[in-house]
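Take a walk through this fold, strand by strand and helix by helix. Keep the viewer open as you read.

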Amino acid sequence: MRFNSLANAGPVLALITAAAMFLGVQTDSRAEVSAMEPQTVLITGANRGLGLEFARQYKDAGWRVIGTARDPQDAQELKALGVRVMQLDVASQDSVAALAAQLDDEPIDLLINNAGIFPRVGKLDEIDFDDYNRTLAVNTVGPVRVTRALLPNLRAGKLKIIAGLSSNLGSIAENERGNFYGYRESKAALNMFTKTLAAELGPEGFTCIVLTPGWVQTDMGGPNATLTPEESIAGMKAVLDRLTPADNGTFWSYNGGQMPW
Ligand code: NAP
C-alpha cells in the first residue's frame, strides 16, 4: 500500500496507528517520520548540475542537506544555499574514509549517489582504457564505496533510502542503438549493484533504488537536452518522497514510471 502524504493516508493510517498504540507498537510510517522532524540527505557531486538542484530542492523542503564537492572551495553556488558542504572524491578511498570519519555516526536518512562522468565514446576502437577505467571507478565503484562507508549512518537514519543516479543508457532492455561504451556499462553495473544491495539490506527496512533523470540541461547533458534541472529533480524528488519499502530494488524514471532493467 502506498501513502503519498498524511492527508491522503487518512483513515487507514489512523486505524493502523490506533491499533499499534493499542498493541504498544511504535509506528514509523515514512509520512509520519517526515511530518515529525527534518530528515537528512547526503548528495554526492552537489556543486553543480543535478546534484546542486537536488540540494536546492531538499533545502527548500526543510531537509538537513549535506552536499559534497571534490573542491569545496570552489562550490560557491552550493555554499550559497546554506547547506553543509563536505569534501568528497568518490574515486578516492582516502577521501571517502575521511568523510565517513567526520560524519561519525550521524544519522543519514537518504543517500543520493549522484556524482558521475560521461566520456563520449562511440565505437569500440575509440575506447581509451584509462578513461574507461575512470568511468567505472567514478560511476560504479564510487557509489559502492560511498554506500559501504556510510552504511552505519544510514542504519542510524529513519528512512533508510539509498538512491543511485542511473541512466536510460544503463538499461540493457532499452539498448537498441549502442554507442557510449564505458558509460552504459558503468550504469548497468550500478543497477546490478543496487539490486544486490536491495536483497542484502531489504530485511533491515532499506529501500535501494536507481533513478534516471531523463536528458537534462547540465554540463553533462548539454544545452540541447529536453529537461531543465528543476523539472528533472522535481520529478525524481516526487518519486523519492513516495517510496515505501515495497519499492526496494526498483528502477525509476524521473517522470514516475518504472524503467525496464
Ligand atoms: P554534471 O553536470 O557533469 O555534474 C557531475 C557532478 O559529479 C559534478 O558535481 C562533479 O564534480 C561530480 N563528480 C565527477 N567526478 C567526481 C568524483 N570523482 N567524485 C565526486 N564527484 C565527482 O552531471 P549531471 O548532469 O549533473 O549528472 C549527475 C548524475 O546524473 C550523473 O551520475 C549522471 O551520469 C546522471 N545522468 C545525467 C543525465 C543528464 O542528461 N544530465 C542523464 C542521465 C544520467 P566536479 O565539479 O568536481 O567535476
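Strand 2 (residues 64–69) and strand 3 run parallel and are joined by 4 bridges. Within this pair, I66 sits opposite R84 of strand 3. The model is a predicted one.

Now widen the view to the whole sheet. It is open, built from 7 strands in the order 3-2-1-4-5-6-7, with parallel pairing. Strand 3 (84–87) and strand 7 (250–253) each have a single partner strand, so they stand at the edges and one side of each lacks a neighbour in the sheet. On average, neighbouring strands are turned by 20° against each other, direction ignored.

Next, the helices. Helix 7 (residues 183–201) lies across strand 5 (161–165), strand 6 (207–212) and strand 7. Against strand 6, helix 7 runs at about 160°.

Helix 5 (residues 93–103) meets helix 6 (residues 129–156). Their axes come within 10 Å and cross at roughly 15°. Angles under 35 degrees count as roughly parallel, and helix 5 and helix 6 are therefore roughly parallel to each other. The crossing is right-handed. Helix 5 contributes Q93, V96, A97, L99, A100 and L103 to the contact; helix 6 contributes R145, V146, A149, L150 and N153. By type, the residues of this contact divide into 8 nonpolar, 2 polar and 1 charged.

Finally, the ligand. Which residues come nearest to it? Of the 30 residues around the ligand, these are G45, G49, A115, G116 and G221. Helix 3 (residues 49–60) gives the most to the shell, with 3 residues. The shell residues divide into 14 nonpolar, 11 polar and 5 charged.

Notes. Residues are numbered from 1 along each chain as its sequence is written. This is a predicted model: local features need pLDDT of at least 70, side-chain atom pairs count only at pLDDT 80 or more; totals for chains, interfaces and linings use all residues. A residue is near a molecule or strand if its C-beta atom, placed from the backbone, lies within 6 Å of it. Helices (H or I, at least four residues) and strands (E, at least two) are DSSP runs, numbered from the N terminus. Ala, Val, Leu, Ile, Met, Phe, Trp, Tyr, Cys and Pro count as nonpolar, Asp, Glu, Lys and Arg as charged, and the others, Gly among them, as polar. Two strands pair if DSSP finds at least two bridges between them. Axes are lines fitted to C-alpha atoms, for helices over the stretch in contact, and angles run from 0 to 180 degrees between N-to-C directions. Two residues are in contact if their C-beta atoms, placed from the backbone, lie within 7 Å. Angles under 35 degrees count as roughly parallel, over 145 as roughly antiparallel, 65 to 115 as roughly perpendicular and the rest as oblique. A crossing is left-handed if the near helix is turned anticlockwise from the far one by less than a right angle, and right-handed if clockwise.
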